[in-house]
Amino acid sequence: MNALYRIGAGTLFAALLAFGLSGCEEKQEAQQSLEPVAFHAEDECHVCGMVISDFPGPKGQAVEKGGVKKFCSTAEMLGWWLQPENRLLNAKLYVHDMGRSVWEHPDDGHLIDATSAYYVVGTSLKGAMGASLASFAQEQDALRLAEEHGGRVLRFDQIDQALLQEAASMQHGSMHDHRPGASHQGH
């Protein structure tokens with residue numbers, strides 16, 4: 001009987017220990033930050049594999065429990081996000097606020113929630129592959145860029161795959177459009 005008691009107590013202790021440790025893991029996962037991270041010179045775009053720092057304009061990133069996916073442009077990130085399997089992820093999306101950044105070198109200190117940003121699509125500004133969607137925290141900054149460089153202001157939920165494809169074809173069509181006085185400086 002003494003042996004049965006020790007086996008039962010040992011099993012109960014092991015079960016309680018395992019239960020307690022699993023609770024610790026859940027707390028650690030819940031506390032894991034979904035905050036934006038800095039871009040580094042060696043980072044490659046999750047979609048196209050190009051070196052992100054080789055391109056001007058705003059970048060994007062998707063931060064989830066499993067890590068961070070970085071993108072060479074807002075359009076690349078949005079195109080990735082619009083894929084049905086990615087929308088199921090518990091990811092937080094970030095883009096550069098170009099109202100507080102320079103177009104050639106966006107400031108990682110000014111990454112904002114992509115779902116609340118204002119986007120300017122159809123500008124003459126050059127960026128990474130495909131369309132250049134300038135992202136802003138403030139609507140007035142987006143409207144100012146659209147007035148200076150063309151394009152229209154949209155919200156996150158107005159962007160779909162068809163719009164991204166249309167914007168990319170417009171961008172490729174205007175690649176040889178070198179209007180006099182067209183500046184490529186952001187705000």
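**Exercise 1.** Is C72 buried or exposed, and what is its relative accessible area?

*Solution.* In this predicted model, C72 has a relative accessible area of 0%. Buried means a value under 20%, so C72 is buried.

**Exercise 2.** Decide how many disulfides the structure holds, taking C48 and C72 in turn.

*Solution.* Begin with the cut-off, by which a disulfide needs two cysteine sulfur atoms within 2.5 Å. The count by this rule comes to 0 disulfides. For C48, the nearest cysteine sulfur belongs to C45 and is 3.7 Å away, and C48 is accordingly in no disulfide. C48 counts as partly exposed, at 27% relative accessibility. For C72, the nearest cysteine sulfur is likewise that of C45, 3.7 Å away, and C72 is in no disulfide.

**Exercise 3.** Work out in which order the 3 strands of the open sheet lie, and which of them are the edge strands.

*Solution.* The strands of this open sheet follow the order β6-β5-β7, with antiparallel pairing. The edge strands, each of which pairs on one side only, are β6 (134–136) and β7 (152–155). From one strand to the next, the twist averages 30°.

**Exercise 4.** Describe how β5 is joined to β7, and state which helix packs on the sheet.

*Solution.* Strand β5, residues 118–121, runs antiparallel to β7, and 4 bridges join the two. Within this pairing, Y118 stands opposite R155 in β7. The helix that packs on the sheet is α4 (residues 139–149), which touches β5, β6 and β7. The direction of α4 makes about 5° with that of β5.

Technical notes. Residues are numbered from 1 along each chain as its sequence is written. This is a predicted model: local features need pLDDT of at least 70, side-chain atom pairs count only at pLDDT 80 or more; totals for chains, interfaces and linings use all residues. Side-chain values use heavy atoms; hydrogens and water are left out. Two strands pair if DSSP finds at least two bridges between them. Axes are lines fitted to C-alpha atoms, for helices over the stretch in contact, and angles run from 0 to 180 degrees between N-to-C directions. Contact means heavy atoms within 4.5 Å. Buried means under 20% relative accessible area, exposed over 50%, partly exposed in between (1.4 Å probe, protein chains only).
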